[in-house]
Amino acid sequence: MTSQTHTGQTIIDPPEDGHFRNGSTNQPSPTTLSLHLTINGRDHALEVEPRVTLLDALRERLALTGTKKGCDQGQCGACTVHVDGERVLACLTLAAQVEGRSITTIEGLADEDGTLNAVQAAFLEQDAFQCGYCTPGQIMSAVACIREGHAGSDEEIREYMAGNLCRCGAYPHIVAAVRQAAKELRS
Amino acid sequence: MTVHDMKHAASDSARLEAVGGRLSRVDGPAKITGAAKYAFEQQLEGLAHAVLVGATIAAGKVTAIDTRAAETAPGVLAVLTPGSIMELKGASDWFGRPPAEETYCPLVREVTFSGQHVAAVVAETFEQAVAAAALVKVWYDETPAIVDLSDGSDGIPIDAMTKEWGDAQAAFAAAPVRVCAAYNTPREFQAAMEPHGLIARWEGDALTIWEPSQWLDGMARTYAEWFGVPFENVRLVSPYIGGGFGSKALALAHSAVAAAAAKMLGRPVKLVLNRPQNFTSYGGRAATRQTVAIGADREGRIQSIVHRGVNETAVDGMWVEPLGSVTSIMYATPNFSSKQNVVRVNTVVPGAKRAPGENPSAFGIECAIDELAYELGIDPLEMRLINYAEQDPEAKKAWSTRQLREAFAAGAEAFGWAKRSPAPRSMRDGHQLIGWGVAAGTYPVRRAYGEAMVKLLADGSAEVESSSIDMGQGTYTILAQTAAETLGVPVKQVSVKLGDSRLARAGVTGGSRLAGVMTGAVYKAAGQALDELIGLALSDPRSPFHGLQANTLVVKDGRIASPRGDGPEISIPELMGTLGREKIEAKGDTVPASFTPQQRYNNYTTIATAIPHTEGDYSRHSWCAHFVEVRVDEDFGTVRVSRVVSALDSGRLYNPKLAESQWKGGIIMGIGQALLEEGIVDRRHGRIVNGNLADYMLPTNADIPDIQTISVGIPDPHSSALGGKGVGELGIVGVAPAIANAVFHATGKRVRDLPITLEKLI
């Protein structure tokens, strides 16, 4: 169901028969889907048109604005979220594609008690961001990058974090943060 | 408006918390958890969504617009055209000069650039608005467009840019050693990760705008004038800004469309530019051309500099990118001439991008002096020291501080410049040609008057309020540090509120001025609050300090005591309780007492009251020196920057951790400028063909090596209250010429047109 791009981002392929299923049998209108999405461990029901992206569902319907829209074209990485643990561009993913999947956004990364993920803490300590707009996507990518085993060297981190643009130019500090978090998570 | 209480971020170490300490970003926890709500992420009831329709021609007339299909599309609330959008009044410009036209229509019938807004669709959902916008049909009467700087005439002379002393032409002609070359920079874009956009909501005659903004009060002024409502009726809210780089200081045509749509529909309207629209709805850096001629004696001493520049501007708007700004001050020369023209082309009016003027100016002069060094066989670093300007050659005034010699020394030492082999193509690593280049940069200290509110509360906490903003420079953090140090309270007890035009007013965040202006204002306001607290403590009969033979008291770590330590010591909450005070507040400002209310208004809503950097006895600038290593593939001509060491003089740093991040960000944007970034214009239709983040190439993580920055600044009392000079713009200035000079050293090819792409090398 998924394929990997060279920078590690996952693109969700359509179901084998090419048709995304309407999650509800009780369809309110021919152009609206009733979806149940599992986001950060919680279930969300929403009625949306089939063309609504996961990104716009999060930002405009569910008030989960931590996931950012930078380009809406799959070019910048600001909208990176995890679907079943893999990094995915929410702007190139329809909300209807991820029903039944486990979605994690930046809001769901820290523990319930507020304890930061090691990557989040490292970003703060290393000053790995300035304006903060690309940051949720960077952090989601970094968590996956480490989990994928692609944080073995600075060179590898640079390559596997290259799908997330940062115009403030925090790259050297992002590399330092990923390096630090990877080391902490290994130990 | 956003409050950052600092309990998550602050360290207990006083060293970290003080002004100059490496405190982590206090807005950081909100940004790394997704809790930070940026301006147009506010969730409002009844929000409608607007999408713009842009012109597909660069010049001509709109002859007809067919809106019928769009109007009947699902969810559509309105289709706005030049004929149906409400009429607005003309607004004054950022100098406060009155508008040329009495009325203003943000949707156009006369098209002067591709992508210009001709219509807008408002619908219940974003998806419905996007779909319906595609159904709007527009017919044009197209006329020929000027698409490129080279297509126009010689342009319009900008006499205010002329700078001359001595007899530059004659001295150049008589000089025994001469270099003369042309240097070009393309149209470049700010490309902040957060697109431009806004939410507009009317409640009667009161307008609230949630919009990323580098200048709340200036933009509020524009909205107020467009809609003919009092300035106080407009509230701008911009708690975080997802990058600006000069692009987010003005209310623009799309802003007007959204506010008008909200007014017409009686509903809040959200309008966010899609990424391609971010390349046409506001101006990036203008394309520039310069010729730099330098005449020198055989020892390398410059005798004359003759400089001519031209930048593109719009058909219906003026932008001057001051190309002689670095040329005239970097090196000592007895003879100098600089003149500049602008050429009108069919583009959106160009705008400010990080270090407007200084950036392309440095590309010209810092490449040219490198060429002169090779002409004479003198080391490029030595060449710069031979011509070191001991005072401002243009203003003929002493530098306030100029640690450029120190920057050259510290950078050269850390980089290992002494090991450089001077001849081009003389250093290699297998298939890669290695080049080492150097260039200097500078940016003036732009100063302004500011104000801030500081409140000391009964629980011992403090609040700082300002309508200034934080777009990543660290305003939240350094103002917390300034207030904490001045008041004598722990930084975790200080909250900073920014990004709301209802708070104490602030001028534009641009030209690297905000930190100096606002630390000065907070320092003053906090000092006033502290004075009032101490005055009450000494004079109020209920106070334990009453009757103490002391002129003053000291406050440290939130506790108040006599300076000699011989009296009582109590906490601020205890004292406030004893005094029966809920709070002590002070609005401090650095505005001259002679200013009238109108002048104060102009101070925050225009740039007319900015203080010249050469005011009084000194010339004030930040300085830097960049040392760059490039590796050029001998067969393919691909250039990689493999090492950067930069030494920078921004005076005193209020927070080195955050200042280093800004410097590195500037350097990285400079690497993009040197090697990647170029707005490509289609010659048939005058359209930006690479208006997206894949084709307009920004540096990625994989393009950027480790970067070492070294602070060589010393406190500069002439530049700001606390001794700092500008940080944000400085880092980019000089990076592109350092890379171009390194590429010449690697390859023996002098590329004078940015970006340095492989086809220019093979």
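**Exercise 1.** In this predicted model, work out which residue ranges the domain assignment gives to each domain of chain B, and then describe the side of domain 1 of chain B that touches domain 2 of chain B.

*Solution.* The assignment for chain B lists domain 1 as 2-34 + 447-605, domain 2 as 41-144 + 190-279, and domain 3 as 379-445 + 614-760. Taken over C-alpha atoms, the centres of domain 1 and domain 2 of chain B are separated by 38 Å. Turning to the contact itself, 19 residues of domain 1 of chain B meet 20 residues of domain 2 of chain B. On the domain 1 side, helix α14 of chain B (residues 597-605) gives the most, with three residues, and by class that side holds five nonpolar, 10 polar and four charged residues.

**Exercise 2.** Determine how helix α8 and helix α16 of chain B are placed relative to each other, and which residues meet.

*Solution.* Two packed helices are described by the angle between their axes and the distance between the axes. Helix α8 (residues 358-376) and helix α16 (residues 735-747) of chain B pack at about 30 degrees, with axes 8 Å apart. Angles under 35 degrees count as roughly parallel, and α8(B) and α16(B) are therefore roughly parallel to each other. The crossing of α8(B) past α16(B) is right-handed. From α8(B), the residues B:A362, B:F363, B:E366, B:C367 and B:D370 meet B:A736, B:P737, B:A740 and B:N741 of α16(B), and the residues of this contact comprise six nonpolar, one polar and two charged.

Conventions
Residues numbered from 1 in each chain as written. Chains lettered and ligands numbered in written order. Predicted model: local features only at pLDDT ≥ 70, side-chain atom pairs only at ≥ 80, totals over all residues. Domains from an automatic or database assignment. Contact = placed C-beta atoms within 7 Å. Helix = DSSP H or I, 4+ residues; strand = E, 2+ residues; numbered from the N terminus. Nonpolar A, V, L, I, M, F, W, Y, C, P; charged D, E, K, R; others polar. Axes fitted to C-alpha atoms, helices over the stretch in contact; angles between N-to-C directions. Parallel < 35°, antiparallel > 145°, perpendicular 65-115°, else oblique. Left-handed = near helix turned anticlockwise from the far one by under 90°.
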